[in-house]
Amino acid sequence: MTGTTQDDYTDRYARRVRGMTTSEIRALFAVTSRPEVVSLAGGSPYIAALPLDAVGEMLNRLGAEQGASSLQYGIGQGTIELRERICEVMSLSGITGASPDDVVVTVGGQQALDLLARLFLDPGDVVLAEGPTYVGALGVFQAAQAQVQHVAMDAEGLIPAALEEAIAATAAAGRRAKFLYTIPTFQNPAGVTLSEERREQVLDICERAGLLVIEDDPYGMLSFESDAPRPLRARRRDGVFYVSTFSKTFAPGLRVGWILAPHAVREKLVMMSEANVLCPSAFAQGAVTQYLTTMPWQQQIKVYREIYRERRDTLLDALDDLMPEGTTWTRPAGGLFVWATLPEGLDSKAMMPRAIAARVAYVPGTGFYADGTGRSNMRLNFSFSSPERLREGVRRLSGVMEKELEM
Ligand code: PMP
């Protein structure tokens, strides 16, 4: 019957599917896209800032010049032209000397995480990850039947002592932690950045423990103040897998990301990707290559940085002015998100329907933890809404919170 949630297939599903639940963020999408709702919920870049006419012309040229090849199958690893451009992009962040042969093009950063999980995780393996962490990575690790062990952060990112404790606790429980999954720069959702000093410490700890590092870096180029600290992969090659994407610097709709991996592993990743998608979209890869070759893409990133800096400032000012006492939040130096902690007694998940009724949306903190914590937190996005809408959103949100506090 259509329209019911009755599922007659439950006992036929593979074990890895059984724990899967709807993403709170995806469930929110339907509501938050209503124009009367101020959405602080999504994670979309502000695509309207792209020179859309020029991008359209570029796509036309791509069709005219490379029609046949951009409509054809390609190789699983991705085109050599794009992999060369990717190495140039990474060198701007300090990852120098990477070989295009060690780059695997993926269908967004999301497929990159999925490939790495398929490659390394057996059911029951432990993944260490910041608490809170990227919701899409949690979905990937859950599908791999791995267990996520969160490691606490503070304003300087992952806390090295907490990482050491988590490694020791995992070993003491007789479990095997395969890797640390980390978003060191402008973290999603917390908005914090791992300090220079801690980068070295975290790498040392992982090396000593024989733990691989998956460094997820979609936001590193979106800094608002000084440049972001150099990626972990720029400091150490062995055991570090670097993942990034063009979703936040160009266009998420094209679904183009990549992994920089040690050479031997790169071959396995390509095989996994071939089993998974055969090859990434030739058209999308052509579009990104053209964009990086023929358009002022670095200038465009500066435009994004300026827009987002202004929006971050607006959001932080509005929070300063309007939030009820007892609320705290992070002050990101880049990226797209602020992470707020609510006053004692408030529950971001329970409050959500009241917020929607007041025409404002956020993502409850519970979506970013594998263990159900996060009820006293929420993620606020500042990349997508105009400064006026951001301020109005915070006004509505604080109204809802004030009422809850009276209850
Ligand atoms: N990692 C992180 C930390 C992200 O925030 C995102 C996107 N929100 C991704 C990976 C996935 O990016 P993509 O759109 O390229 O799949």
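Threonine 106 is a handy place to start: this residue is buried, because 27 other C-beta atoms lie within 10 Å and 20 or more is the cut-off. Keep in mind that this is a predicted model.

Threonine 106 belongs to strand 2. Leaving out neighbours within four places in sequence, threonine 106 is in contact with Gln111, Ala112, Leu115, Gly257, Trp258, Ile259, Ser273 and Pro280. One of those partners, isoleucine 259, is 153 residues apart from threonine 106 in sequence, yet the C-alpha atoms are 7.3 Å apart in space.

Isoleucine 259 turns up again in the largest nonpolar core, which has 104 residues; Ile259 and Val288 are the ones with the most contacts inside it. And what does valine 288 touch? Setting aside neighbours within four places in sequence, valine 288 is in contact with Leu82, Phe246, Phe250, Leu254 and Val256. As a general backdrop, nonpolar side chains tend to be buried together in soluble globular proteins.

**The eight-stranded sheet**

Strand 2 is part of an open sheet of eight strands, ordered 2-9-8-7-6-3-4-5, with mixed pairing. Strand 2 (103-106) and strand 5 (157-158) sit at the edges with a single partner strand each, so one side of each has no neighbour in the sheet. Elsewhere in the order, strand 3 (residues 126-131) pairs with strand 6 (residues 177-182) in the parallel sense, over four bridges. Alanine 129 stands opposite tyrosine 181 of strand 6.

Valine 127 is another resident of strand 3. With 27 C-beta neighbours inside 10 Å, valine 127 counts as buried too. Not counting residues up to four places away in sequence, valine 127 touches Leu121, Phe141, Ala146, Val148, Lys178, Phe179 and Tyr181. Arginine 233 is another story: valine 127 and arginine 233 are 106 residues apart in sequence and 19 Å apart in space, C-alpha to C-alpha.

**The four-stranded sheet**

There's also an open sheet of four strands, in the order 10-11-14-13, with antiparallel pairing. Its edges are strand 10 (328-329) and strand 13 (363-364); each has a single partner strand, so one side of each is left without a neighbour in the sheet. Strand 14 (residues 377-381) pairs antiparallel with strand 11 (residues 337-341) over five bridges, while two bridges join strand 14 to strand 13, also antiparallel.

Here are some residues that face strand 14:

| Residue | Opposite it in strand 14 |
|---|---|
| Phenylalanine 337 | Asparagine 381 |
| Tryptophan 339 | Arginine 379 |
| Valine 363 | Arginine 379 |

How many residues of strand 14 are buried? Five of the five, so strand 14 is largely enclosed by the rest of the structure. In a regular strand, side chains alternate between the two faces of the sheet. Here Asn377, Arg379 and Asn381 point one way, and Met378 and Leu380 the other way.

**Around the ligand**

Of the 14 residues around the ligand, which come nearest? They are Gly108, Gly109, Gln110, Thr245 and Ser247. Helix 5 (residues 108-120) supplies the largest share of this shell, with three residues. By type, the shell divides into four nonpolar, nine polar and one charged.

**The annotated domain**

An unreviewed UniProt entry places the feature "domain: Aminotransferase class I/classII large" at residues 41-397. Over residues 41-397 the chain is 45% helix and 16% strand, and the end C-alpha atoms are 12 Å apart.

Terms used
Residues numbered from 1 in each chain as written. Predicted model: local features only at pLDDT ≥ 70, side-chain atom pairs only at ≥ 80, totals over all residues. Core = buried A, V, L, I, M, F, W, Y, C linked by C-beta atoms within 7 Å. Buried ≥ 20, exposed ≤ 12 C-beta atoms within 10 Å, placed from the backbone. Contact = placed C-beta atoms within 7 Å. Near = placed C-beta within 6 Å. Nonpolar A, V, L, I, M, F, W, Y, C, P; charged D, E, K, R; others polar. UniProt positions renumbered as here; feature names shortened; annotations may be inferred. Pairing = 2+ DSSP bridges.
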